[in-house]
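Okay, thanks everyone, let me put this one up on the screen. I'll talk through a few spots, and you can follow along as I go.

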Amino acid sequence: MDENSMNEIEQLTQERPELAALARESLDAIEAAGTPAELEETRVRLLGKKGSIAAVFKGLGSLPPEEKRTLGQIGNALRTLAESELTARAARLKDAETKERLLREATDVTLPGRRLPQGHDHLLARVIDDVTDIFVSLGYKVVAGPEVELDFYNFEALNTPPHHPARSLQDTLYVRRSDPVSDDPKDILLRTHTSPVQVRVMESERPPLYVISPGKAYRKDEIDATHSPVFHQVEGFAVSEDITMGDLKGTLEVFARKLFGEERAVRFRPHFFPFTEPSAEVDVSCFVCAGGGCSLCKGVGWLEIMGCGMIDPAVFSHVGYDPEKYTGFAFGGGVERIAMLKYGVDDMRVFFENDMRFLRQF
Ligand code: DAH
């Protein structure tokens, strides 16, 4: 409230009660305005050209000088008072409006949020990551190869001769085969293993090479508890100037213990693969019975996890490496098999059926 103007008005209007009343009414009207629009109406009613305060100045000209001065003063004081009260009221209305809006728009931060279902990696993706991470920590790099592959990379350069049983129409899914009876390195097929990546990398790069390559492989298998026409493998290999069988054994022992547990024993059993010489299969001691014999290891005490061997010089000759200068080892295994062993899954089909009740368990 503009106290000065009010005091002035009170003094000046002792003889003019109707103007004192006008002052009080003006203040009441301003206070009564509940919205900016109502306040504007009030302003026009008081200060507009035809407003009640403007009316005080009307007819001023015909009054005697003494009265004219007093009335002029009263009019000015009324106008000043009304203007300052209008401004103050407008500010209060705006404050109230802001408060009300903030209240209306307030967010209750204590309300619990809506939970979004959280997914996670598929078990096979996790096993692939785990295996890959172990080799990356040993200095290997990850390389991917094509799933639609030439016979040359899948068989020929891997020292798998024509008419080898693996090349038969019973085992391999061919995309284009030039002759139904004889094999041709230019035939196009779905790779039956991830080993062709070895050839592709060696062909385009020079040793030393330390490579790990996870991916899909395809075979003409009926789906059952241990077979699927599409499955996953992890391939790995190392080529340098003096790599030995000892390096292969040491590397795979480290790998097997990191993946299956530090207390695992690892053994190498002689085997045959066309692209390695000598070749072996890698077993880890059964982690259910620890060697005693149980249903997981079928009473043997050992679980086969992958194949491996020293890269056959015939493979080096296909990629133009001097077998006198370079040696290397390679290994490869099925991701589904490793996942089944590690997580106690007894039927491969659950990996592909995407039944949430299974997927959620891991
Ligand atoms: N490619 C083989 C298979 O599909 C697995 C394998 C065995 C890969 C020995 C290798 C190896 O690199 O050295 O059964």
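Before the rings, one bit of vocabulary: I call two rings of Phe, Tyr or Trp a pair if their centres lie within 6.5 Å, and for Trp that's the six-membered ring. And please keep in mind that this is a predicted model.

So, which residues form one aromatic cluster? It's Phe135, Tyr140, Tyr210, Phe255, Phe329 and Phe331. By the pairing rule, the count of aromatic pairs comes to 13. Let me pick out Phe135 and Phe331, which are stacked, with 4.9 Å from centre to centre and 25° between the planes. Phe135 comes from helix H6, residues 123-137, and Phe331 from strand S10, residues 327-334, so this pair ties together parts 196 residues apart in sequence. Are those two buried or exposed? Phe135 is buried, at 0% relative accessible area, and Phe331 counts as buried too, at 3%.

Next, Tyr140 with Tyr210. That pair is edge-to-face, 5.6 Å centre to centre, with 80° between the planes. Tyr140 sits in the loop between H6 and strand S1, while Tyr210 is in strand S5, residues 209-218, so here the parts being tied together are 70 residues apart in sequence. Tyr140 counts as buried at 6% relative accessibility, whereas Tyr210 is partly exposed, with a relative accessible area of 33%.

Okay, over to Glu149. You'll find Glu149 in strand S2, residues 148-150. The relative accessible area of Glu149 is 2%, and buried means under 20%, so Glu149 is buried. What does its side chain make a polar contact with? That would be the side chain of Arg200, at 2.7 Å. If you skip the neighbours within four places in sequence, Glu149 is in contact with several residues, including Asn154, Asp187, Ile188 and Pro196.

Stay on Arg200 for a second. Its charged end sits over the ring of Tyr153, 4.0 Å from the ring's centre. So Arg200 has that ring under its charged end and a polar contact to Glu149 through its side chain, because a pair of N or O atoms within 3.5 Å is what I'm calling a polar contact. There's another arginine to look at: Arg177 lies over the face of Tyr174, at 4.6 Å from the ring centre.

Last, zooming out. The chain is divided into domain 1, 3-104, and domain 2, which is 123-147 plus 192-361. How far apart do their C-alpha centres lie? They're 93 Å apart.

Technical notes:
Residues are numbered from 1 along each chain as its sequence is written. Side-chain values use heavy atoms; hydrogens and water are left out. Helices (H or I, at least four residues) and strands (E, at least two) are DSSP runs, numbered from the N terminus. Buried means under 20% relative accessible area, exposed over 50%, partly exposed in between (1.4 Å probe, protein chains only). A polar contact is a pair of N or O atoms within 3.5 Å; within protein, one must be able to donate a hydrogen and the other to accept it, and residues adjacent in sequence count only if both atoms are side-chain atoms. Contact means heavy atoms within 4.5 Å. Domain bounds come from an automatic or database domain assignment. Rings of Phe, Tyr and Trp (its six-membered ring) pair if their centres lie within 6.5 Å; planes under 30 degrees apart count as stacked, over 60 as edge-to-face and the rest as tilted. A charge sits over a ring if NZ of Lys or CZ of Arg is within 6 Å of the ring centre and within 35 degrees of the ring normal.
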